[in-house]
Amino acid sequence: MLLNLLSEKNKIYFAKLELLLANIDGNFNESEKRIIEKHCAEMGITPIEYDDKLSIDDLLDAIQNSMSIKEKKIVYIELLTVALIDNEYHKKEQELIDSLRQILLIPESVAQEAYDLVSKLIKSSLDIESFIEW
């Protein structure tokens with residue numbers, strides 16, 4: 001939705017963090033693959049291959065130090081969408097999203113609002129897909 005607003009460097013950070021998040025539960029499924037492909041196309045970058053040597057802490061530090069407040073909010077909401085897209089919000093995904101929230105200094109009330117908005121967005125998207133398929 002808003003990923004094209006990220007700087008080129010931050011697009012790469014986002015793509016790497018997104019891959020880590022999608023793989024963190026050990027189940028990289030089709031809905032996660034589709035959203036990652038969509039995000040890469042939106043950002044105008046080539047999809048990045050998963051690298052199990054990537055450090056979550058290093059990526060979070062890079063994001064904290066290189067992104068504007070606006071970019072941090074975009075990254076948070078987009079990663080939350082990836083975590084929720086498969087209707088399975090695993091403990092490891094929750095932990096990573098909460099770590100991101102803390103690093104980005106997002107209050108819990110704002111994070112809850114983002115969660116509610118993303119949940120509604122996903123439900124609406126699925127409803128539209130179902131409607132089209134009838």
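The crossing of α4 and α6 is right-handed. This is a predicted model, so far as everything I say today goes. The axes of α4 and of helix α6, residues 108–133, come within 10 Å and cross at roughly 55 degrees. An angle that is neither under 35 degrees, nor over 145, nor from 65 to 115 counts as oblique, and α4 and α6 are therefore oblique to each other.

Now the residues. On the α4 side there are Tyr76, Ile77, Leu80, Thr81 and Leu84, and they meet Ala111, Ala114, Tyr115, Val118, Ser119 and Ile122 of α6. By class, that contact has nine nonpolar residues, two polar and no charged.

Next, the other partner of interest. Helix α4, residues 69–84, also packs with helix α5, residues 91–103, at an angle of about 175 degrees, and the axes are 10 Å apart. That angle makes α4 roughly antiparallel to α5. From α4, the contact uses Val75, Tyr76, Leu79, Leu80 and Ala83; from α5, Glu93, Ile97, Leu100 and Arg101. Here the classes are seven nonpolar, no polar and two charged. Tyr76 and Leu80 appear in the contact with α5 and again in the contact with α6.

Last, α1. Helix α1 covers residues 8–23, which is 16 residues, and spans 23 Å from first C-alpha to last, close to the expected 22 Å. Which of its residues are buried? They are Asn10, Lys11, Phe14, Ala15, Leu17, Glu18, Leu19, Leu20, Leu21, Ala22 and Asn23. What covers them includes α2 (30–43), α3 (56–66), α4 and α5. So α4, besides packing with α5, is part of the cover over α1.

Methods: Residues are numbered from 1 along each chain as its sequence is written. This is a predicted model: local features need pLDDT of at least 70, side-chain atom pairs count only at pLDDT 80 or more; totals for chains, interfaces and linings use all residues. Side-chain values use heavy atoms; hydrogens and water are left out. Axes are lines fitted to C-alpha atoms, for helices over the stretch in contact, and angles run from 0 to 180 degrees between N-to-C directions. Helices (H or I, at least four residues) and strands (E, at least two) are DSSP runs, numbered from the N terminus. Contact means heavy atoms within 4.5 Å. Ala, Val, Leu, Ile, Met, Phe, Trp, Tyr, Cys and Pro count as nonpolar, Asp, Glu, Lys and Arg as charged, and the others, Gly among them, as polar. The expected span of a helix is 1.5 Å times one less than its number of residues. Buried means under 20% relative accessible area, exposed over 50%, partly exposed in between (1.4 Å probe, protein chains only). A crossing is left-handed if the near helix is turned anticlockwise from the far one by less than a right angle, and right-handed if clockwise.
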